[in-house]
Amino acid sequence: MFATLSDRLADTFKNLRGKGRLSEADIDATAREIRIALLEADVALPVVKDFVAAVKERARGEEVSQALNPAQQVIKIVDEELVTILGGETRRLRYAKTGPTVVMLAGLQGAGKTTLAAKLALWLKDQGKSPLLVACDLQRPNAVQQLQVNGDKVGVPVFAPEAGNGVGDPVGVAKASVEEAKRKLHDVVIVDTAGRLGVDAEMMSQAAAIRDAVQPDEVLFVVDAMIGQDALTTAQAFLDGVGYDGVVLTKLDGDARGGAALSIRQVTGKPVMFASSGEKMTDFDVFHPDRMASRILD
Ligand code: GDP
């Protein structure tokens, strides 16, 4: 997803190679190139502005290490600033001190929530947890069944309304699932909620009602990294409508320009916690800002 950005930045750094010292003009030219590279990758404009200003200021400053040549120094600064916009530290999942940890997923239809629910369940299982998947998407035909299929794939039970698809009360299902988890000694409950194709007041109020009913330890906003700047408007709408603790980026394996996804942390103030990068249940990992920055600069 970030191949073009990587190439553009690599070209920029190449121009600095062999230079003994960076002149003001070199720094300006480099800053301009970085700005273009980020904008072409679809990084949000305010994020680009702050980023470039920080790089410029630091490149001019005296934090000059004798061990690094100017090109290496600029790469180091860009790397560190990338880590900063991506959130700095890795934000790990917080578990409840007592009782089952409740993780609620929210996002648009097609964002990859149902797939993500199962991936997260498998990841938790691999950490020695005993998760329970909960089907609260009672809107989309087949969503319950799809979660059941995914649950089977990863060997995690699915709690779903008896009545089948299209009927039932998602708030009631969510509440009952926490009781079920306590009875069956599951330590993490993953609640999959209904999305719509676009931002919609009814979807938001349903998600908010589920949130109020089960008081999740973590609300995760799931967003398709391929939808470009729409990811940012959707992220803001869910922040206002439901609120969330962290973000999951999906479809990072796509070939769209992923700069909007890179901006989400700066725009929302919420950390990216997980990344999903394929259709396989194992195409999933904790999001590490430093590793992502290294990948971009590789
Ligand atoms: P939901 O409507 O939010 O529950 O979304 P789904 O989980 O049904 O996913 C929508 C589509 O995206 C499905 O075809 C998934 O197989 C696909 N999908 C989900 N996550 C990824 C991913 O990380 N990479 C790719 N390439 N496809 C994904």
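Colleague: In this predicted model, which residues does Phe274 touch, not counting residues up to four places away in sequence?
Modeller: Several partners of Phe274 sit far back in the numbering, including Leu93, Leu120 and Trp123. Others are Leu220, Val247, Val248 and Leu249. The list for Phe274 closes with Phe284, Asp285, Val286 and Phe287.

Colleague: Which residues touch the most other members of the largest nonpolar core?
Modeller: In soluble globular proteins, nonpolar side chains tend to be buried together. The largest nonpolar core here has 101 residues. Those that touch the most other members are Leu120, Ile190, Phe238 and Phe274.

Colleague: Which element gives the largest share of this core?
Modeller: The protein has eleven helices and eight strands to choose from. The largest share of the core amounts to eight residues. The element that supplies them is H5.

Colleague: What does helix H5 give to the shell around the ligand?
Modeller: Helix H5 covers residues 113–126. There are 17 residues around the ligand, and H5 gives the most to that shell. Its contribution is four residues.

Colleague: Which residues come nearest to the ligand?
Modeller: By class, the shell has two nonpolar, nine polar and six charged residues. Of the 17 residues in it, five come nearest. They are Gly110, Thr114, Thr115, Asp253 and Glu279.

Colleague: How much of the ligand's accessible area does the protein cover?
Modeller: Backbone atoms take part in the surroundings: a backbone N or O atom of Ala111 lies 3.3 Å from an oxygen atom of the ligand, and one of Gly112 lies 2.9 Å from a ligand oxygen. A polar backbone atom of Lys251 is 3.1 Å from an oxygen atom of the ligand. On its own the ligand has 580 Å² of accessible area, and the share covered by the protein is 81%.

Colleague: Is Phe2 buried or exposed?
Modeller: Phe2 is found in the segment before helix H1 (3–14). Leaving aside neighbours within four places in sequence, Phe2 is in contact with Leu252, Gly258, Gly259, Leu262, Met292 and Ile296. Its relative accessibility is 8%, and the cut-off for a buried residue is under 20%. Therefore Phe2 counts as buried.

Colleague: How many of the ten residues of helix H10 are buried?
Modeller: Helix H10 runs over residues 259–268 and is mostly covered. The buried ones are Gly259, Ala260, Ala261, Leu262, Ser263, Ile264 and Thr268. Two of these names, Gly259 and Leu262, are also contacts of Phe2. The count for H10 is seven.

Colleague: Which residue follows H10?
Modeller: Helix H10 ends at residue 268. The residue that follows has a positive phi, near 75°. That residue is Gly269.

Colleague: How is Asp217 classed by its relative accessible area, and what is the value?
Modeller: Asp217 has its place in the loop between helix H8 (201–214) and strand S5 (218–224). Buried means under 20% and exposed means over 50%, so a residue in between is partly exposed. Asp217 is partly exposed, at 27%.

Colleague: What distance separates the side chain of Asp217 from the backbone nitrogen of Val102?
Modeller: Asp217 touches residues far from it in the numbering, including Arg94, Pro100, Thr101 and Val102. Pro100 is 117 residues away along the chain, yet the two C-alpha atoms are separated by 9.2 Å. For Val102, the backbone nitrogen and a polar atom of the Asp217 side chain are at 2.7 Å.

Colleague: Which backbone atom does the side chain of Thr193 reach at 2.6 Å?
Modeller: Thr193 is found in strand S4, residues 188–193, and counts as buried at 1% relative accessibility. Its contacts include Met104, Leu105, Ala106 and Asp137. The atom reached by the side chain is the backbone oxygen of Leu105.

Colleague: Which residue's backbone nitrogen does the side chain of Asp137 reach?
Modeller: Asp137, a contact of Thr193, lies in the loop between strand S2 (131–136) and helix H6 (143–154). Asp137 is buried, with a relative accessible area of 5%. At 3.2 Å, its side chain reaches the backbone nitrogen of Gln139.

Colleague: What share of the protein's residues count as buried?
Modeller: The protein exposes about 13,500 Å², and carbon and sulfur atoms supply 48% of it. The chain has 298 residues. The share that count as buried is 51%.

Terms used. Residues are numbered from 1 along each chain as its sequence is written. This is a predicted model: local features need pLDDT of at least 70, side-chain atom pairs count only at pLDDT 80 or more; totals for chains, interfaces and linings use all residues. Side-chain values use heavy atoms; hydrogens and water are left out. A residue is near a molecule or strand if one of its heavy atoms lies within 4 Å of it. A polar contact is a pair of N or O atoms within 3.5 Å; within protein, one must be able to donate a hydrogen and the other to accept it, and residues adjacent in sequence count only if both atoms are side-chain atoms. Accessible areas come from the Shrake-Rupley method with a 1.4 Å probe; for residues, only the protein chains shown count as cover. Helices (H or I, at least four residues) and strands (E, at least two) are DSSP runs, numbered from the N terminus. Ala, Val, Leu, Ile, Met, Phe, Trp, Tyr, Cys and Pro count as nonpolar, Asp, Glu, Lys and Arg as charged, and the others, Gly among them, as polar. Buried means under 20% relative accessible area, exposed over 50%, partly exposed in between (1.4 Å probe, protein chains only). Contact means heavy atoms within 4.5 Å. A nonpolar core is a set of buried Ala, Val, Leu, Ile, Met, Phe, Trp, Tyr and Cys residues joined through side-chain atoms within 4.5 Å.
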